[in-house]
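This briefing covers a surface feature, an annotated span and one helix. The structure is shown first, and the points follow by topic.

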Amino acid sequence: MTPPESVTLENEAPAVDPKELIKDVLEAYPEKGRKKREKHLNVYQEGKPDCGVKSNIKSLPGSMTTRGCAYAGSKGVVWGPIKDMIHISHGPVGCGYYSWSGRRNYYIGTTGIDTFGTMQFTSDFQERDIVFGGDKKLAKLITELEELFPLNRGISIQSECPIGLIGDDIEAVAKKSAKEINKAVVPVRCEGFRGVSQSLGHHIANDAVRDWIFPRTDKAKKDGTIDVDPTQYDVAIIGDYNIGGDAWSSRILLEEIGLRVVAQWSGDGTINELINTPTVKLNLVHCYRSMNYISRHMEETYGIPWLEYNFFGPTQIAKSLREIAAKFDETIQAKAEEVIAKYQAQTDEVIAKFLPRLQGKTVALMVGGLRPRHVVPAFYDLGMRLIGTGYEFGHNDDYKRTTHYIEDGTLIYDDVSAFEFEEFIKEMKPDLVASGIKEKYVFQKMALPFRQMHSWDYSGPYHGYDGFAIFARDMDMALNSPTWGLIGAPWNK
């Protein structure tokens, strides 16, 4: 079947000088705002050690940033997917409501009995709680939850803004309640006003694991009660939130090469897996941004090395499997080669089918976490070309890591505003925009093919060899759907 011509290519897009484009877009700002924003926009020059942008700085007021808050980083990313714990959104109902089961963190279990991932628990702060404090209410809530859901394995308290502002002592409540119910109760000081984005929430959540979970590990090791028999092939998957089943796809490959996955942090994960993680031989870090803190702590405290891996697209999958296997003996290394060879025919079939339909198509990325760099090789494997990428809440080390994935002349935008992103897209005219839910409908109304790269647009998994087949299919459906011919991009009218 001959693919339909992409509607965005009806007229050949004129060559755009990205440096001039940045200047043109910045002209819309007042002088002070222009000086601040120009530090976050650049064009990558091959050979440079980083992307040449400032990052992890407070967003320009009024710029319509796509960032989230510290609460979103802690509850929505790190703690929320831990399936056998109850996570209390401590504060007014709104934050909990809008973080309720929005990230498609798949898990196995019976919801409401032994798993609670898609349930929402809130202390529902009212005016009287702000005036008189909410500590007693929180303690009562924990007692009630224990009575209603006795098979929970622990509770986390995810603080919203008012808790920090009024000075409630959630740590004291946590300690007292933990003794009463004989389970872990973890206070997390992730009030939304902390930091400049959700990134600080990741860090705070990591620190809460360090301070409130790992002491249980240390005690269990000392008492000889830790419930895992260590082997030389034990690993933990760190920073994979099992979006659409991603962690399961990764786990399959790791087990096929002979490793034992002791823990998943934190998609489909349990509190017991967190406790057991300091017994593994290697931590495999998927989302570096959200979990590098706890990985570094385990390296310093327990001597466990860590390795960032990438299972997006067959080129990076093979490279990562070999890097992982190199940390173990020749048995694992040989099995890694066998697994790579096993999936070669499947990979060749996927590429043979979709490469002719996707080759030469251009894509602009703007996501959080790791995807502005990690997903790039999967596009390359399909013959697509990246023309722009950027992070919502990246740090300088993220942009250094990005240089290994992108080509000379790629437009880089950090904490890009809604205005800037729309203007960049209008001028660069990519065939596909791959970004988040906030951007999805803006660009679809422009008749631009779009894929939601935070939660895979209700698809996935995208990790692993099987995930690559789904990824290729989804990109083809987005780009070559006849729907776009009924609308037409605005620059073709």
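In this predicted model, six residues, Ile-130, Val-131, Phe-132, Leu-165, Ile-166 and Phe-193, make up a nonpolar patch on the surface. Together these residues present about 640 Å² of accessible area.

**Nonpolar surface patch**

- Two helices, α5 (residues 127-132) and α7 (residues 161-166), each contribute at least two residues to the nonpolar patch.
- Helix α5 provides the largest share of the patch, namely three residues.
- One of the patch residues, Ile-130, is located in helix α5.
- Ile-130 has a relative accessible area of 36% and is therefore classed as partly exposed, since that class lies between the 20% limit for buried and the 50% limit for exposed residues.

**Annotated span**

- An unreviewed UniProt entry lists residues 69-479 under "domain: Nitrogenase/oxidoreductase component".
- In the model, residues 69-479 are 49% helix and 14% strand.
- The C-alpha atoms at the two ends of this span are 33 Å apart.

**Helix α20 and the residue after it**

- Helix α20 comprises residues 418-428, and its buried residues are Glu-420, Phe-421, Phe-424, Ile-425 and Met-428.
- These buried residues lie on the same side of α20, because the arc they cover around the axis is only 130°.
- Lys-429, just after α20, adopts a positive phi of about 50°.

Notes. Residues are numbered from 1 along each chain as its sequence is written. This is a predicted model: local features need pLDDT of at least 70, side-chain atom pairs count only at pLDDT 80 or more; totals for chains, interfaces and linings use all residues. Side-chain values use heavy atoms; hydrogens and water are left out. Patches are made of residues with over 30% relative accessible area and no salt bridge: like charges are joined within 9 Å, nonpolar side chains (Val, Leu, Ile, Met, Phe, Trp, Tyr) within 5 Å. Accessible areas come from the Shrake-Rupley method with a 1.4 Å probe; for residues, only the protein chains shown count as cover. A salt bridge is a side-chain nitrogen of Lys or Arg within 4 Å of a carboxyl oxygen of Asp or Glu. Helices (H or I, at least four residues) and strands (E, at least two) are DSSP runs, numbered from the N terminus. Buried means under 20% relative accessible area, exposed over 50%, partly exposed in between (1.4 Å probe, protein chains only). UniProt positions are given in the numbering used here, feature names are shortened, and annotations may be inferred rather than shown by experiment. The arc is that of the directions from the helix axis to the C-beta atoms.
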